[in-house]
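Trainee: I'm new to this one and would love a close look at a single part of it. Could you walk me through it once we have it in front of us?

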Amino acid sequence: MSTPLREAAAAAAAAGLCVIPIRGNRKKAPLVPWTPYKVTASTPEEHDEWFGPTGRAAGIAVVYGAVSGGVEMLEFEGRAVEDGTLDEVGTVLSDSGLGDVWDAITTGWVTRSPSGGLHFRMRPEGEPVAGNTRLAARLAREDEWTPEERQRVAERPGTRIERVLVETRGEGGYGIIEPSDSRVHPSGGAWELVAGGPSTIPTVPADMASAVRDVCRMMDTLPKRETARTAPRDPRPAIDGVLRPGDDYEARADWADVLRGTFRPTTTRGRTTYWQWADGVGGVKATTGRDPQADRLYVFATGSELLSETPYSKFGAYAALNFGGDHKAAAAELRRQGYGSEPPRRRLAPVPVPAPRTDGSAALDVAPGPEDDPWAGDTPDLRVVTERPQLEITNEADALDGVLKLMEEGKLPDLYKRSGGPCWIYEDDEGQPLVQQLGTDNLRAYMADHVTTYAVRPDTATGGVKEERELLQPKTCGTILGRRDWPLPRLRGIITAPVVRPSGTVITATGYDRETGLYLHPRVPMRRLAPTVTDESLARAKDVVFEHLLVDLPFVADSDRAHYLALLVAPIIRHLVPGPTPLWIITGTAAGSGKTLMKDVPGELYGLTGMPWPENDAEMRKAVTAKLIESGAAVIAMDNLPSGHIVKSPLLSNLVTTGTWSDRLLGASSTVSVPNDRCWVLTGNNIRTSGDNRRRTLFVRLDPGVPRPDQRGGFKVGDLRTWLRANASTVVAALVTMVRSWLAAGAPRVDTRMGDYSAWASTVAGILQHLGVNGWLGDRDDITAMDDEAMEWTAFLIEWAEKIGTTEAVPAKALLALKETCPQLANGDAPSAKQLGHWLKAKEGRYFEDLKIIRVPDSHRKINLWRVERHQPGRTS
């Protein structure tokens with residue numbers, strides 16, 4: 001047996017609508033949990049259960065949105081019908097050319113609610129239905145307040161009590177329909193059909209539906225908060241007889257003049273004028289005059305320079321349309337046109353001008369030395385500020401623009417930028433240069449030291465205004481630091497000794513070098529060098545380095561001496577050859593061999609920062625990132641690794657092959673990228689390498705050849721540490737002289753293959769050949785012997801070739817029979833066939849001496865077979 005509710009459900013379902021039952025408790029609440037029906041339509045069987053003769057539903061509702069085919073409800077409350085809001089919407093739409101659309105909506109499917117409101121439905125075409133949206137409201141009259149609202153106002157005077165006029169029911173919302181009875185609504189009334197039904201819902205183009213909503217929004221009369229950006233109000237009181245340009249324009253200008261070229265009026269009803277685009281395309285887009293307290297422009301579209309649904313004064317709209325919101329520029333133009341008058345102004349007292357500054361923080365300013373001790377052929381690249389800048393910060397937006405302009409004009413010395421933001425350079429307690437990424441307090445303190453910032457305040461003494469000293473606000477500093485980029489010189493790194501530019505010239509002036517973005521902060525006092533390098537000066541330089549500094553160091557072979565000399569010149573040529581440099585491992589046979597001393601030599605010359613050998617790659621990544629960001633030392637060392645340690649770190653291998661290091665900042669979600677322009681050094685006794693680390697390492701091997709190496713004596717220079725502290729400047733000058741001599745000779749390079757480091761290795765080879773130093777990369781065979789993994793696999797492949805041959809392909813299981821040489825697990829046990837198969841895949845194609853592993857897929861048995869192949873000279877595979 002059918003019921004009115006069941007028939008209504010059937011009609012709605014036939015029109016593609018999803019319905020749900022409503023409880024009869026006069027609270028308009030669903031009878032069942034209805035969240036699933038936001039995405040899945042209810043079924044006829046559920047309709048029978050809910051709305052049939054035995055069903056408990058007192059009412060029926062439609063779930064709007066995608067589940068009902070993209071239907072949206074436009075609801076005018078009873079008060080909106082009574083006060084003429086509905087009629088005004090219809091008139092405005094008709095006057096703007098949308099009368100036919102409105103007629104289709106208001107004669108489609110229309111329901112009257114028990115409170116006298118009207119519900120209209122439409123199906124926007126070409127856009128998804130938005131969620132429930134309040135379009136228009138007004139402040140409630142006092143006689144409309146409920147007892148609860150009256151109590152709320154009594155407790156909190158100034159509380160706004162609002163009444164909705166127009167709203168939508170869209171995606172995720174529902175609306176009750178006829179014939180829901182008196183048990184549903186609190187008033188005891190029923191829903192009534194006014195026109196049409198579910199089958200007569202009109203389809204409306206998306207732009208037309210949007211225009212209808214915009215006109216409904218224009219009916220909103222709630223007071224809107226005005227902002228200085230759109231309705232500027234000068235906080236300074238007007239002085240008798242003085243009229244500001246903006247105030248004068250506000251009083252004299254007409255909206256038609258202000259909006260000419262952007263909008264044109266369509267109709268005026270009462271105080272309110274409705275506007276559409278100047279070309280007449282589209283519906284109503286803006287209103288003026290609706291607010292009885294202040295004549296403001298409200299725009300309900302996004303196709304102009306004006307913000308949507310934001311109150312604009314005439315002056316605010318003029319500034320936005322003609323000057324991009326720059327109120328100062330707008331006021332200046334209006335003053336030029338004859339608006340307003342000029343108030344008196346008391347200027348800020350002058351602030352003493354600081355002495356000219358060089359680039360770099362105040363802590364690093366270098367006192368001028370004697371006239372006979374500058375570095376010849378170069379002068380500092382100074383960024384001279386001849387006067388202390390002044391900046392008005394009364395308005396935060398102007399303050400922000402002003403600071404950026406000072407940066408752009410180069411009037412803020414000592415500031416640079418890196419990938420993480422503005423920074424400055426300072427010294428730690430040991431004289432090491434460090435980079436400080438600026439925080440809000442840092443930038444505020446800097447501005448207080450370098451810029452005279454002031455605000456303009458009312459001057460009661462003169463009746464005008466006066467300038468008062470004021471610091472930049474923390475939130476302004478935070479906004480500046482939050483930018484993506486800054487008009488500051490880019491700091492690409494700190495250098496602690498003269499270096500060769502990519503152009504082949506040498507940086508010798510302290511401070512910032514604009515050509516490279518490098519900042520020279522010498523670790524030791526710089527010595528005077530002649531403009532050109534002579535044979536005599538080169539000979540003296542070689543004597544200092546070879547016959548004093550290196551003469552008594554217990555190198556195992558010429559290659560170790562050559563590799564160590566490469567470490568000493570690496571900071572000088574670091575920026576000549578782009579790309580990374582290899583890892584240096586200084587290893588000895590026993591404690592006291594001199595590893596730490598040799599690590600400290602480049603530290604004394606160029607600066608060194610240390611870090612402990614981490615437990616894992618995750619800890620190493622954190623430590624590396626911190627050192628690269630903060631420290632300016634040219635050498636980063638991990639000292640005294642465990643004796644016999646095998647260096648096998650994928651992260652370390654990646655570190656020494658990347659020119660730019662990127663990582664997430666600790667405790668933050670942002671990522672920073674910094675140049676990896678340091679020399680990385682490890683020390684320890686009998687250190688070995690494995691895997692990719694072997695070919696990316698330069699070994700410096702030491703063997704004193706005595707039982708107690710720490711008790712050695714008879715050195716030419718005595719105690720090397722003491723000698724070095726006294727002669728560090730001379731050693732740096734000698735190393736720079738040797739590099740300059742090589743440059744003067746045409747910078748010859750010797751082609752050297754070293755993987756990713758080939759260009760760098762060829763450059764070093766050219767320098768060493770120019771200096772007459774032998775042994776460069778002469779230890780490659782010895783280093784291979786120090787790779788336990790390579791030796792283990794070489795022995796395995798040799799036995800494989802001898803016992804199985806180089807033509808037969810066998811499964812991994814068969815190779816386990818080579819028990820004498822088969823690689824083992826870390827605990828010494830033999831691997832499983834599966835584990836050995838994984839290892840073979842990882843080593844596939846790699847040569848061990850002249851043998852390499854070849855994989856032969858067996859498609860029939862679905863397994864991999866393996867064989868070894870011997871390299872044949874002149875043949876590539």
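In which strand is Y847 found?

Mentor: Happy to! Keep in mind that this is a predicted model. Y847 is found in strand β36, which covers residues 847–848. Y847 counts as partly exposed because its relative accessibility is 33%, and a residue must be under 20% to be buried. The side chain of Y847 makes a polar contact with the side chain of H871, at 3.3 Å. Look also for L797: this residue and Y847 are 50 residues apart along the chain, and their C-alpha atoms are separated by 9.8 Å.

Now let's step back to the whole protein. Strand β36 belongs to a protein with 26 helices and 38 strands. Of the 877 residues, 49% are buried. The radius of gyration is 41 Å, whereas a compact globule of 877 residues would have one near 29 Å. Along the principal axes, the C-alpha atoms fill a box of roughly 110 × 90 × 50 Å. Among contacts with a separation of 6 or more, 70% join residues 24 or more positions apart.

For the interior, turn to the largest nonpolar core, which has 91 residues. Y564, L565, L735, W760 and W776 have the most contacts inside that core. Helix α21, residues 720–744, gives the most to this core, with 14 residues. Take W776 as an example: leaving aside neighbours within four places in sequence, its contacts include A562, H563, L698, W760 and L768. A second, separate core has 31 residues, among them L135, A136, V166 and Y298.

Terms used
Residues are numbered from 1 along each chain as its sequence is written. This is a predicted model: local features need pLDDT of at least 70, side-chain atom pairs count only at pLDDT 80 or more; totals for chains, interfaces and linings use all residues. Side-chain values use heavy atoms; hydrogens and water are left out. A nonpolar core is a set of buried Ala, Val, Leu, Ile, Met, Phe, Trp, Tyr and Cys residues joined through side-chain atoms within 4.5 Å. Buried means under 20% relative accessible area, exposed over 50%, partly exposed in between (1.4 Å probe, protein chains only). Helices (H or I, at least four residues) and strands (E, at least two) are DSSP runs, numbered from the N terminus. Contact means heavy atoms within 4.5 Å. A polar contact is a pair of N or O atoms within 3.5 Å; within protein, one must be able to donate a hydrogen and the other to accept it, and residues adjacent in sequence count only if both atoms are side-chain atoms. The radius of gyration is taken over C-alpha atoms; the globule rule is 2.2 Å times the number of residues to the power 0.38.
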